[in-house]
Amino acid sequence: MKTLIACTIWSLFLGAVAHAKLNFEAEILERDAKIGDASVLAEFKFTNEGKTPVEIGLIDSACGCLKATSDKKVYKPGEAGIVEAEFFVKGLTGIVEKAITVHSKGDGRTATRLAVRVSIPEILSIEPKMAMWDLNESPGPKKVVFKVLRPEPIRVLEVVPSRKNVTAELHVIEEGRLYEIELTPKDTDSTMLGVVRIETDCEIPEQQRQMTFFRIAKED
């Protein structure tokens, strides 16, 4: 008897799945951003392959930088639709992936995770990201290299440390292409964390100000 009941429940479940199903062409989309792009669009295409209508409910985003909407709410059997996602990439670089979750009613798969993976070109590099001294180490200079990666030049106009105990001296290796920033603490007697603001003439507003960091800490 228990076996019969279990089989009946399982059959009903399979029947529900068979009657309504959203099939997405792809659940991860890759896009390339151009230098200066504020956002990138991605369209997740799908079809209701079941025999009953499916309603798109809440679309959750894992990040405020990724917003998504469906072209409508209810899709009839055999009907196609689109979930459009807009990924705001301003200020981001490298390869960044964020996801949304599409919740649907009448679909055997009630939650579908969709991801947008965007490659955002890096126009410059700053290495190392943090200059470090051990506590009570000799307060010698540490060098930070600012390098332009794109064909168009970017000039460093000013470097300003956030701590008076640290000086920042700018050296031009190749104008518009390569710079060295020499950081020197007055002493390393106490722990400290700070930032160096790097002002540039880059035409992209969010890229005009860069940062590198420094710290004095007890050796691990």
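A residue is counted as buried when its relative accessible area is under 20%, and this cut-off is applied below to a structure that is a predicted model. Tyr179 has a relative accessible area of 0%, and it is therefore classed as buried. The same reasoning holds for Phe146, which counts as buried because its relative accessibility is 0%. Arg150, although its value is 7% rather than zero, is also buried, since the cut-off stands at 20%.

The aromatic rings are considered next. Three aromatic pairs are counted in the model. In one of them, Phe24 and Phe46 are tilted with respect to each other, with 5.1 Å from centre to centre and an angle of 50° between the planes. This pair links distant parts of the chain, as Phe24 belongs to strand β1 (residues 22-24) and Phe46 to strand β3 (residues 39-48), and the two residues are 22 residues apart. Both Phe24 and Phe46 are buried. Another pair is made by Phe146 and Tyr179, whose rings meet edge-to-face, with 6.0 Å from centre to centre and 75° between the planes. Here too distant parts of the chain are linked, because Phe146 lies in strand β12 (residues 142-148) and Tyr179 in strand β15 (residues 178-185), 33 residues apart. Beyond the pairs, Phe24, Phe46 and Tyr75 together form one aromatic cluster.

Tyr75 also has a place in the strand pairing, where Val54 stands opposite Tyr75 in β6. The two strands concerned, β4 (residues 54-61) and β6 (residues 74-75), pair in the antiparallel sense over two bridges. Strand β4 is joined to strand β8 (residues 94-105) as well, again in an antiparallel arrangement, by five bridges, and in β8 the bridge partner of Ser61 is Ile100. These strands belong to an open sheet of five strands, which follow the order β2-β9-β8-β4-β6 with mixed pairing. The strands at the edges are β2 (28-32) and β6; each has a single partner strand, so that one side of each is left without a neighbour in the sheet. For β2, pairing with strand β9 (residues 111-120) is parallel and runs over five bridges, and the bridge partner of Leu29 in β9 is Val116. In a regular strand, the side chains alternate between the two faces of the sheet.

Arg150, already described as buried at 7%, is located in the loop between β12 and β13 (156-161). The side chain of Arg150 takes part in a polar contact with the side chain of Glu203 at 2.8 Å, and the side chain of Arg150 also reaches the backbone oxygen of Glu152, at 3.1 Å.

Finally, the pockets of the model were examined. The largest pocket has a volume of about 390 Å³. It is lined by 24 residues, of which Gly91, Leu92, Thr93, Gln207 and Gln210 are the closest to its centre. Two or more residues of the lining are given by each of the elements β10 (124-127) and β17 (209-217), and β17 gives the most, with four residues. When the lining of the largest pocket is sorted by class, eleven residues are nonpolar, seven are polar and six are charged.

Conventions:
Residues numbered from 1 in each chain as written. Predicted model: local features only at pLDDT ≥ 70, side-chain atom pairs only at ≥ 80, totals over all residues. Heavy atoms only, no water. Pairing = 2+ DSSP bridges. Phe/Tyr/Trp six-rings, centres within 6.5 Å; stacked < 30°, edge-to-face > 60°. Buried < 20%, exposed > 50% of the residue type's maximum accessible area, 1.4 Å probe, protein only. 1 Å grid on protein atoms, 1.4 Å probe; cavity = no way out; pocket = protein on both sides within 12 Å on 5 of 7 lines; lining within 4 Å. Points joined across faces, edges and corners; volume = space filled by probe spheres on them. Nonpolar A, V, L, I, M, F, W, Y, C, P; charged D, E, K, R; others polar. Polar contact = N/O pair within 3.5 Å; in protein donor to acceptor, adjacent residues only side chain to side chain.
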